[in-house]
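Thank you all for making time this morning. I would like to walk through one structure with you, going from a single residue out to helix packing, and then to some backbone details.

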Amino acid sequence: MDTYADLVLFGGRVVTVDAEFSVASALAVTGRIISAVGGWDDVAPLVGPGTRVVDLRGATLLPGINDSHLHGCAFGMTTPPLALDLGHPAVSSLAEVAEAVSEAVGRVPVGQWIVGHGWDTGYLDECVFDPSRLPSRCDLDAVSPDHPVVLYSFSGHATWVNSTVLKLIGIDRHTIAPPGGAIVVDEAGEPTGLLHEGAQALVQNALPPLSRQERTDAIRSTLATLARLGVTSYTEPGLGPGGDSIMRGALGTETLDVYRRLLADGELTARVGVLLLPTGMASTADEFTRALTTLAPRTAPGGSGDAAPRRLTVHGVKIFADGIVPNKTAWMHEPYVGGGCGSLCVGGTTDAERIAEIDVMIRHAHAAGHQLGVHVTGDRAIDTVTDAFAAAMAEHPRPDARHYVIHGDFLTAHSMKVLAAHGFGVNMNPTIKWTVADMEEEFVGAGRAAYAWPYRDAIDAGVRVASGSDAPVTYPDWRQGVATMVLRESKAAGRVSGPEQRIGLAEAIRTYTIDAAWQDFADGWKGSLEPGKVADLCVLDGDLLAADPHDIPEMPVVLTVVDGQVVHDTLRD
């Protein structure tokens with residue numbers, strides 16, 4: 001034998017995620033590549049004196065997990081020590097948020113910004129008891145009179161600040177919100193300290209931008225977390241000039257430069273696909289097309305044959321089409337509970353003008369050869385975007401463009417038909433479904449809330465479906481995502497939300513592996529455990545295929561391999 005394997009794993013459930021979803025019991029890795037899959041007899045000839053041989057003892061070997069929508073830098077910077085953790089269960093009330101801010105005030109000099117992330121009114125006692133009770137500057141002012149405080153919601157679509165910040169940035173009762181944004185006011189017309197959507201830029205522009213070292217530390221933190229979770233690939237959905245004012249520039253152009261440096265230094269321990277962000281929310285078509293011409297071209301699909309472009313790849317561009325349901329900024333066909341249908345968040349003063357704007361953006365980016373990922377959540381907005389995809393394809397036919405809608409909460413039958421007919425996809429978020437299932441009923445009613453993220457219908461319609469966490473919106477735990485797709489149970493109450501949209505375990509695993517690789521133009525060389533594909537591996541302790549779905553989130557990840565290199569290992573040989 002001229003070449004022995006570097007790693008052989010046997011005695012487990014090797015879930016290949018090939019076309020037949022076949023299950024083997026052994027796998028061999030030689031260099032960066034999977035060299036054999038089958039039983040012990042298939043891998044034994046590859047065992048040499050330097051081969052690491054691992055008895056899986058019934059554990060499950062999967063393709064490396066691909067979180068296909070994850071803000072890597074933003075996730076790192078929204079966790080301690082770069083930000084206060086205000087998510088559930090770290091805090092469970094407005095009073096506890098104020099307590100966390102008060103403790104931070106005692107640690108930092110007067111005038112220094114205090115930043116927190118993760119608050120969610122669905123898990124704050126006062127807001128749950130009285131849905132009309134929203135976070136306010138008054139909750140923060142008593143504990144932070146001399147420090148500017150900015151607290152991001154879990155969704156990233158709302159920001160909560162104290163009076164010091166409002167004064168610092170000049171927001172008062174006369175301030176007009178930027179297009180696509182909202183400054184929440186009380187009954188007297190005074191700003192409450194809540195800013196929605198595009199209005200958040202008023203705060204972002206005042207914050208000191210992240211330093212290069214802070215960005216680097218944030219991404220390193222994220223990479224370490226993902227290795228422990230078995231995540232070997234993720235899509236960084238929007239880096240560029242449009243992100244320079246979002247979350248202190250975490251989505252800005254400089255963050256992409258940091259990724260390139262980490263790659264050059266050998267520190268990029270996951271594969272990263274990038275969507276470029278030419279402009280932010282509420283931009284016009286003219287602004288978008290001008291910005292697009294200044295961005296670097298995407299990398300060829302799948303990269304070239306060497307390791308570098310396959311570790312960091314630019315796929316296309318991102319556009320924001322509307323907002324989110326909890327802010328009533330997703331554009332819906334039917335009104336929200338309490339009225340209003342939301343709107344598109346691009347330039348224009350009427351629906352017709354905004355539809356024309358989004359159509360121009362999509363056609364221009366498509367004609368320029370980019371893959372398009374469009375943030376869109378409301379059913380009317382999704383129909384608008386998918387029709388624009390189809391029109392762009394008709395005007396400029398392109399084979400295998402792989403455009404996709406991001407989130408697709410209320411994907412309609414019409415949109416599914418359009419996506420399937422043109423080979424487009426949808427990127428859904430099961431951990432967000434798990435998080436907001438109970439809360440959404442107060443905005444869209446029980447029926448629509450149950451339907452949200454219609455996995456079963458989309459897959460049955462022939463749409464390629466990938467799953468992502470949208471971290472830092474939710475923690476990037478694919479195990480919870482799989483359990484949610486199979487069970488459709490909610491986080492807060494454990495109630496089943498839309499049982500008719502449940503999918504099977506094999507289908508759920510595909511959304512985090514081969515179908516996520518498809519989104520990356522990489523299903524030919526990653527996403528399944530087949531000879532010749534890259535050795536991106538995730539080992540889960542226990543038999544995933546036989547587990548109670550409720551137990552899946554607690555099954556430990558014991559080994560993670562990227563490109564044949566071990567990046568996380570708690571196995572005992």
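Which residues does threonine 513 touch, not counting those up to four places away in sequence? Before I answer, please keep in mind that what you see is a predicted model. Threonine 513 sits in the loop between helix 19 (505–511) and helix 20 (514–519), and its contacts, with those sequence neighbours left out, are Val17, Pro63, Gly64, Ile65, Asn66 and Gly527. With a relative accessible area of 2%, threonine 513 is buried, since the cut-off for that label is anything under 20%.

One of those contacts, valine 17, deserves a word of its own, as its phi is positive, about 55 degrees, although the residue is not a glycine. Valine 17 belongs to the loop between strand 1 (7–15) and strand 2 (23–30), and this residue too is buried, at a relative accessible area of 1%.

Let me move to a second buried site, cysteine 73, which is part of helix 2 (residues 72–77) and has a relative accessibility of 0%. If we set aside the neighbours within four places in sequence, cysteine 73 is in contact with Leu210, Arg215, Ala218, Ile219, Glu236, Ala250, Thr255 and Tyr259. To give a sense of distance across the model, the C-alpha atoms of cysteine 73 and leucine 419 are separated by 30 Å, and the two residues are 346 residues apart along the chain.

Now to helix packing. Two packed helices are described by the angle between their axes and the distance between the axes. For helix 12 (residues 351–367) and helix 13 (residues 379–395), the axes come within 9 Å and cross at roughly 45 degrees, and the two helices are therefore oblique to each other. The crossing of helix 12 and helix 13 is right-handed. On the helix 12 side, the residues that take part are Asp351, Ile355, Ile358, Asp359, Ile362, Arg363 and His366, and they meet Arg380, Thr384, Val385, Ala388, Phe389, Ala391, Ala392, Met393 and Glu395 in helix 13. Sorted by class, this contact of helix 12 with helix 13 has 9 nonpolar, 2 polar and 5 charged residues.

That brings me to the aromatic rings, where a search of the whole structure finds 4 pairs, and I will discuss a selection. What is the geometry of the pair that tryptophan 119 and tryptophan 160 form? The arrangement is edge-to-face, with 5.6 Å centre to centre and 80 degrees between the planes. Tryptophan 119 is in strand 8 (residues 114–119) and tryptophan 160 in strand 10 (residues 158–161), so that the pair links distant parts of the chain, 41 residues apart. Both partners are buried, tryptophan 119 with a relative accessible area of 5% and tryptophan 160 with 0%.

Phenylalanine 389 and phenylalanine 424 also form an edge-to-face pair, at 5.4 Å centre to centre and 70 degrees between the planes. Because phenylalanine 389 lies in helix 13 and phenylalanine 424 in the loop between helix 14 (413–422) and strand 18 (425–428), the pair ties together parts that are 35 residues apart in sequence. Phenylalanine 389 is buried at 0% relative accessible area, and phenylalanine 424 is buried at 1%. You will recall that Phe389 is also among the helix 13 residues that meet helix 12.

Finally, I turn to helix 18 (residues 478–487), which is mostly covered, with 10 of its 10 residues buried; among them are Trp478, Arg479 and Gln480. Just after helix 18, arginine 488 takes a positive phi of about 60 degrees. In the loop between strand 19 and helix 18 we find aspartate 470, a residue other than glycine whose phi is also positive, near 60 degrees, and which counts as buried at 8% relative accessibility. Alanine 471 and proline 472 are joined by a cis peptide bond with omega of about 15 degrees, and proline 472 lies in the loop between strand 19 (464–467) and helix 18.

Where else might you look for a cis bond? The peptide bond from histidine 88 to proline 89 is cis, with omega near 15 degrees, and proline 89 lies in the loop between strand 7 (84–85) and helix 3 (94–105).

Terms used
Residues are numbered from 1 along each chain as its sequence is written. This is a predicted model: local features need pLDDT of at least 70, side-chain atom pairs count only at pLDDT 80 or more; totals for chains, interfaces and linings use all residues. Side-chain values use heavy atoms; hydrogens and water are left out. Axes are lines fitted to C-alpha atoms, for helices over the stretch in contact, and angles run from 0 to 180 degrees between N-to-C directions. Helices (H or I, at least four residues) and strands (E, at least two) are DSSP runs, numbered from the N terminus. Angles under 35 degrees count as roughly parallel, over 145 as roughly antiparallel, 65 to 115 as roughly perpendicular and the rest as oblique. A crossing is left-handed if the near helix is turned anticlockwise from the far one by less than a right angle, and right-handed if clockwise. Contact means heavy atoms within 4.5 Å. Ala, Val, Leu, Ile, Met, Phe, Trp, Tyr, Cys and Pro count as nonpolar, Asp, Glu, Lys and Arg as charged, and the others, Gly among them, as polar. Rings of Phe, Tyr and Trp (its six-membered ring) pair if their centres lie within 6.5 Å; planes under 30 degrees apart count as stacked, over 60 as edge-to-face and the rest as tilted. Buried means under 20% relative accessible area, exposed over 50%, partly exposed in between (1.4 Å probe, protein chains only).
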